[in-house]
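Work through the exercises below with the sequence and the coordinates open. Try each task before reading its solution.

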Amino acid sequence: SGGDIAITSVGSLDLSQAAFTLGGTLNLAASDNLLLAASGFQSSGPLNIKAANLSAQGGVPVHLSATTADIQLTGSDAINLIGDLQQLALRTESVGAVTISNNQDLILSRLDEPNADALSIAVVGALRIPNSGLATAHSLAIDAFDLLDDDRSLSLSAPQLRVALSAASGHNLWNLNVDELDAAVSGHADLQLVDNQGLSLVDLNGDGTGLSLADGNLALLLRSGDLTINADVGAIDSSVDGTATGHIDIEVANGNLTTQGPLQITSTQQTAGAPGDFAIALRLTDTSASDHTITLNTGAKLTAIGGDILIDTRPINTQPAAKRQYIQAAGAQVAAYTNKNDATTGRATINNIPFIPSSEQKIGSGRWLAIVADAPSNSLGALDENLDVSEDLPPLPQQQPVGPSVDNQFAQAFGPCDELDPKNRNRCRVNSALKTFLSHWLVGGEMAPKVDLK
């Protein structure tokens, strides 16, 4: 038919034996359930459906083909739609799973499902969501080429969120209200994630990855609570196009950062960055007196290929009473190199003071591992008092000021040092470096007393 059709029923409406191929608008309304044919409907115009529940004969998914579909359901049954739609508006009171598949780009103009047990959307194309975002009470899964709204600043809310995008583009900001996240994004896009309260990066689909980005830079900000990394995290620059991508910047504003179980955090860059180009930055940015820790547990591998690594637990102006530690457990590995076979002659510093890396810290030639923390953990190497610190160190982004009480105590222990005397110049610089390091070991404003270990 080329005209409009309207079918209304007081009670249930069974159209399982009806076949529709329309050129106009199709309006279907039932005060109870609506049953469609297994083959569904095909229309070159709009489709409007009002019913309690919507299903297809034989329990197969409901197939709908139209320019637009506006569906309003008041029942609690699960819903499974397969569409060839340009635009969809859906309101459902389902307490089961809501599953939407579409065979072309889809504009989701409205989606209200306040009670759904799970929401899954798969689009063979780009998915445009409402500017108000998507929210569900349980799990949300999105598979698409790209995911956007009017300005690529999205709001996504669900206890459990999984997103897989195969052809994303542009700069994307996702404002999250999520407990568990699994996101894999490829194409050519930057991804910035912001979550407000506690987050775990997990593997929800069995691929071993919790967060990955191809051909873009990845930034994650957790405003409050702890960040737990339970699966692989990676960013890769896979295109030789002159644009440096593949950076990972993870910031925890008021909490701890911890890895759990065997996993890899990897940044891969096509073109090696200059010294001080931190391909991976793990940062705690709370300046209060609260105690916080970055912990790489056994089995974690932190690798920067073509860039440097920054692990910063103590931003500038942090309150002196705060205890800030970097813990690298036995069996956790850290590596930064340009080429895998490079000599391990790179620089390792704690609070900008050189130290000799441990056997589980491989720093290749021209690369830098920079740690900012109260004191090295047992897995870190020892301070190297023989290093020639006359070579300039690149400045850290946020270097902690040194307490003044160390100067007097150090002078009493080692005596004065005349830097104007050429014979003493290098020793004076080593002394200065040691004073800077020891300032982070103050106990009540004084250097810790000597303790004999038996």
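Strands here are DSSP runs of E with at least two residues, numbered from the N terminus. The model is a predicted one.

**Exercise 1. Place leucine 85 and describe its surroundings.**

Solution.
- Step 1: Leucine 85 belongs to strand β10.
- Step 2: The cut-off for buried is under 20% relative accessible area. Leucine 85 has 4%, so it is buried.
- Step 3: Setting aside neighbours within four places in sequence, leucine 85 touches Leu64, Ser65, Ala66, Thr67, Ala69, Asn102, Gln104, Asp105 and Leu106.
- Step 4: For one of these contacts, Leu64, the C-alpha separation from leucine 85 is 7.4 Å, with the two positions 21 residues apart in sequence numbering.

**Exercise 2. Find the strands that pair with β10, and give the number of bridges for β9, β11 and β12.**

Solution.
- Step 1: β9 (residues 62-73) and β10 (residues 79-92) run parallel and share 11 bridges. Within this pairing, leucine 73 has threonine 92 as its bridge partner.
- Step 2: β11 (residues 97-102) is joined to β10 by 5 bridges, again in the parallel sense. Here isoleucine 79 is partnered with valine 98.
- Step 3: β12 (residues 106-112) is parallel to β10 over 5 bridges. Arginine 91 faces aspartate 112 of β12.

**Exercise 3. Give the strand order of the open sheet of 3 strands and identify its edges.**

Solution.
- Step 1: The order is β2-β5-β8, and the pairing is parallel.
- Step 2: β2 (13-15) and β8 (54-56) each have a single partner strand, so they are the edges and one side of each lacks a neighbour in the sheet.
- Step 3: Ignoring direction, neighbouring strands of this sheet are turned by 15 degrees against each other on average.
- Step 4: β2 and β5 (residues 34-36) are connected over 3 bridges, and leucine 13 has leucine 34 in β5 as its bridge partner.

**Exercise 4. Which salt bridges involve arginine 110, arginine 324 and arginine 367, and are the residues buried or partly exposed?**

Solution.
- Step 1: The structure contains 11 salt bridges.
- Step 2: Arginine 110 pairs with aspartate 112, with the closest N and O atoms 3.7 Å apart. Arginine 110 is partly exposed at 27% relative accessibility, and aspartate 112 is partly exposed at 28%. Asp70, Arg110 and Asp112 form a network of salt bridges.
- Step 3: Arginine 324 meets aspartate 286 at 3.8 Å, N to O. Arginine 324 is in strand β31 (residues 324-328) and aspartate 286 in the loop between β27 (278-284) and β28 (292-296), 38 residues apart. Both residues are buried.
- Step 4: Arginine 367 pairs with aspartate 308 at 2.7 Å between the closest N and O atoms. Aspartate 308 is in strand β30 (residues 308-312) and arginine 367 in the loop between β35 (361-363) and β36 (368-372), so this bridge ties together parts 59 residues apart in sequence. Aspartate 308 is buried at 0% relative accessible area, and arginine 367 is buried at 4%.

**Exercise 5. Determine what the side chain of aspartate 237 contacts, given that this residue has no salt bridge.**

Solution.
- Step 1: Aspartate 237 sits in the loop between β23 (232-236) and β24 (248-252).
- Step 2: Aspartate 237 is buried, and the nearest side chain of opposite charge, arginine 367, is 13 Å away. A salt bridge requires a nitrogen-to-oxygen distance within 4 Å.
- Step 3: The side chain of aspartate 237 has a polar contact of 3.1 Å with the side chain of threonine 245.

Technical notes. Residues are numbered from 1 along each chain as its sequence is written. This is a predicted model: local features need pLDDT of at least 70, side-chain atom pairs count only at pLDDT 80 or more; totals for chains, interfaces and linings use all residues. Side-chain values use heavy atoms; hydrogens and water are left out. Two strands pair if DSSP finds at least two bridges between them. Helices (H or I, at least four residues) and strands (E, at least two) are DSSP runs, numbered from the N terminus. Axes are lines fitted to C-alpha atoms, for helices over the stretch in contact, and angles run from 0 to 180 degrees between N-to-C directions. Buried means under 20% relative accessible area, exposed over 50%, partly exposed in between (1.4 Å probe, protein chains only). Lys and Arg count as positive and Asp and Glu as negative; His and the chain ends are not counted. A polar contact is a pair of N or O atoms within 3.5 Å; within protein, one must be able to donate a hydrogen and the other to accept it, and residues adjacent in sequence count only if both atoms are side-chain atoms. Contact means heavy atoms within 4.5 Å.
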